[in-house]
Amino acid sequence: MSDNTRSISILVADDEDRIRKLIADFLIREGFEVLEAADGAQTLSMCSGSRKPDLIVLDVMMPLMDGFTVLAELRKTSDIPVILLTAKSSETDQLSGFRLGADDYVTKPFSPSLLVARVQALLRRRGMLGSHSAQCGNVRIDELAHVAYVNDTALELTPKEYDLLLYFIENKGVALSREKILNGVWNYDYFGDLRTVDTHVKQLRSKLGESGDMIVTVRGVGYRLEVR
């Protein structure tokens with residue numbers, strides 16, 4: 001258990017007891033405090049009291065009030081980070097979530113370990129987990145200094161190349177579509193061409209040198225950062 005996760009509370013909102021327990025077990029193992037809600041109305045109620053959660057894992061398909069409605073209501077008064085948990089994987093549903101103010105999404109069926117990694121990455125971006133050095137193989141990012149390294153050599157990256165590399169490392173081993181990368185790095189309201197992703201990946205690979213081949217092309221999907 002890490003000292004800086006002990007006071008961080010995560011609200012897991014899902015109508016399935018089994019899913020809530022599965023997520024809670026993995027979060028508790030990492031030192032987080034876990035709160036639970038079984039429907040949308042209960043979720044909103046738990047976010048309006050004096051003791052609000054630090055992050056919400058929010059299922060879209062819930063009784064009384066679905067996750068999209070909860071998120072829309074929540075964003076009227078709060079910027080609590082939200083990860084949507086959904087069985088829907090279409091681009092339209094994902095964009096709807098981002099437009100309503102979701103910070104990330106995970107599609108069912110999901111890996112609990114991956115979900116926990118997403119929780120930790122989002123909390124780090126919000127400055128709630130203190131200092132952190134993200135790493136994959138010999139590629140490392142010092143998030144406090146905002147510098148990326150291959151071995152001990154600092155790289156000269158543009159801001160977007162840095163964000164792209166950090167996004168890959170936070171999602172290492174996961175096949176990411178160009179749309180998801182665009183949403184995660186450029187945000188949902190970027191209306192540029194998807195080839196922007198390809199251009200930045202090409203530039204990033206070049207700057208990583210021999211380590212650039214860690215970013216592999218997944219045919220018909222997008223890209224994946226290989227774990228080595």
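**Exercise 1.** Does asparagine 151 count as buried, partly exposed or exposed, and at what relative accessibility?

*Solution.* Begin with the place: asparagine 151 sits in the loop between strand 8 (147-150) and strand 9 (153-154). Helices (H or I, at least four residues) and strands (E, at least two) are DSSP runs, numbered from the N terminus. Next, recall the classes: buried means under 20% relative accessible area, exposed over 50%, and partly exposed in between, with a 1.4 Å probe and protein chains only. Asparagine 151 has 49% relative accessibility, so it counts as partly exposed. One more detail of the backbone: the phi of asparagine 151 is near 55 degrees, a positive value in a residue other than glycine.

A word on the model before we go on. It is predicted, so to speak of local features pLDDT must be at least 70, and side-chain atom pairs count only at pLDDT 80 or more, while totals for chains, interfaces and linings use all residues. Residues are numbered from 1 along each chain as its sequence is written, and side-chain values use heavy atoms, with hydrogens and water left out.

**Exercise 2.** Describe the protein as a whole.

*Solution.* Start with the elements: there are eight helices and 12 strands. Then take the extent: the C-alpha trace spans about 50 × 40 × 30 Å along its principal axes. Now test the radius of gyration, which is taken over C-alpha atoms; the globule rule is 2.2 Å times the number of residues to the power 0.38. For 228 residues, a compact globule would have a value near 17 Å, and the protein's 18 Å agrees with that. Finally, look at burial: 47% of the 228 residues are buried.

**Exercise 3.** Which strands form the open sheet of three, and in what order?

*Solution.* The order is 10-12-11, and the pairing is antiparallel. Two strands pair if DSSP finds at least two bridges between them. Strand 10 (176-177) and strand 11 (215-218) stand at the edges with a single partner strand each, so one side of each has no neighbour in the sheet. Zoom in on one pair: strand 11 and strand 12 (residues 222-225) run antiparallel and are joined by four bridges. Within this pair, isoleucine 215 stands opposite leucine 225.

**Exercise 4.** Along strand 6, which side chains point to one face and are buried?

*Solution.* First, the general pattern: in a regular strand the side chains alternate between the two faces of the sheet. In strand 6 (residues 133-136), Ala134 and Cys136 point to one face and are buried, whereas Ser133 and Gln135 point to the other and are not. Next, find the partner: strand 6 runs antiparallel to strand 7 (residues 139-142), with four bridges joining them. Here cysteine 136 stands opposite valine 139. Last comes the turn: the hairpin has two residues between the strands, and glycine 137 takes a positive phi near 65 degrees.

**Exercise 5.** With which residues is leucine 165 in contact, leaving aside its neighbours within four places in sequence?

*Solution.* Leucine 165 lies in helix 6, and at 1% relative accessibility it counts as buried. Contact means heavy atoms within 4.5 Å. By that rule, leucine 165 touches Val139, Ile141, Ala148, Leu157, Leu204 and Leu208. Now move to the loop between helix 6 (159-170) and strand 10, where asparagine 171 lies. Asparagine 171 is buried too, at 2% relative accessibility. With its neighbours within four places in sequence again left aside, asparagine 171 is in contact with Arg118 and Leu176.

**Exercise 6.** Compare two residues in the loop between strand 3 and helix 3.

*Solution.* Methionine 61 lies in the loop between strand 3 (55-59) and helix 3 (67-74); leucine 64 is found there as well. Check their surfaces: methionine 61 is partly exposed at 48% relative accessible area, while leucine 64 is exposed at 73%. Then check the backbone: leucine 64 has a positive phi of about 70 degrees although it is not a glycine. For a distance, methionine 61 and aspartate 14 are 47 residues apart in sequence and 8.0 Å apart in space, C-alpha to C-alpha.

**Exercise 7.** Where does proline 109 lie?

*Solution.* Proline 109 is in the loop between strand 5 (104-107) and helix 5 (112-125). The peptide bond from lysine 108 to proline 109 is cis, with omega near -10 degrees.
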